[in-house]
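Got your viewer open? Let's take a short walk through this model, one selection at a time.

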Amino acid sequence: MELDMAADELKSVLNRLKRAQGQIAGIIRMIEEGRDCEDVITQLAAVSRALDRAGFAIIATGLQHCMADGEQPVADRNQMRARLEKLFLSLA
């Protein structure tokens, strides 16, 4: 399954991932500086949500493309649906 996203969808996902990358760098600094555990955990939760949202956006796009491609044989669509479901559950 290829990652085939429209430019605006791709930009949104990339922005989320770049934001998460910055958050992770901040968390590393916090740990190195010996910051409060509660603050570190709060930031870890935030970055986890950002990564989940990016993953869900990618999966939703895959579902949309899968459903739009009605010309695929039923067996191929079912296989794709099973793969997407597995991906979705891996984020849940």
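Where does L14 lie? Select L14 and you'll land in helix α1; helices here are DSSP runs of H or I with at least four residues, strands are runs of E with at least two, and both are numbered from the N terminus. Before you go on, keep in mind that this is a predicted model: local features need pLDDT of at least 70, side-chain atom pairs count only at pLDDT 80 or more, and totals for chains, interfaces and linings use all residues. Residues are numbered from 1 along each chain as its sequence is written, and side-chain values use heavy atoms, with hydrogens and water left out.

**Stop 1: the whole chain**

Zoom out and colour by secondary structure. You should find three helices and zero strands, in the order α-α-α along the sequence. The accessible surface of the chain is about 6700 Å², computed by the Shrake-Rupley method with a 1.4 Å probe, where only the protein chains shown count as cover for residues. Carbon and sulfur atoms own 56% of that surface. Of the 92 residues, 20% are buried, meaning under 20% relative accessible area; exposed means over 50%, and partly exposed is in between (1.4 Å probe, protein chains only).

**Stop 2: along α1**

Now select residues 7-32, which form helix α1. How far apart are its end C-alpha atoms? They are 37 Å apart, which agrees with the 38 Å that 26 residues should span at 1.5 Å a residue; the expected span is 1.5 Å times one less than the number of residues. Just after α1, click on G34, which takes a positive phi of about 70°.

**Stop 3: the inside**

Within α1, highlight V13, A20, G26, I27 and M30, which are buried. Next, select A20, I27, M30, V40, V47 and A50 together: these six residues are the largest nonpolar core. Such a core is a set of buried Ala, Val, Leu, Ile, Met, Phe, Trp, Tyr and Cys residues joined through side-chain atoms within 4.5 Å. Helices α1 and α2 (37-68) each supply at least two residues of this core.

Stay on A20 for a moment. Which residues does A20 touch, not counting those up to four places away in sequence? The answer is V47, A50 and L51, where a contact means heavy atoms within 4.5 Å.

**Stop 4: the outside**

Select L10, L14, L17, I24, I28 and L51 and show their surface: they make a nonpolar patch of about 450 Å². Patch residues have over 30% relative accessible area and no salt bridge, with nonpolar side chains (Val, Leu, Ile, Met, Phe, Trp, Tyr) joined within 5 Å and like charges within 9 Å. A salt bridge, for its part, is a side-chain nitrogen of Lys or Arg within 4 Å of a carboxyl oxygen of Asp or Glu. Helix α1 gives the most to this patch, with five residues. Two patch members to click are L14, partly exposed at 37% relative accessibility, and I24, partly exposed with a relative accessible area of 37%.

**Stop 5: far in sequence, measuring tool in hand**

Draw a line between the C-alpha atoms of L14 and A54: they are 40 residues apart along the chain and 8.0 Å apart in space. Then try L63, which is in helix α2, and R81: 18 residues separate them in sequence, and 7.5 Å separates their C-alpha atoms. Finish with D39, also found in helix α2, whose C-alpha atom is 9.0 Å from that of I27.
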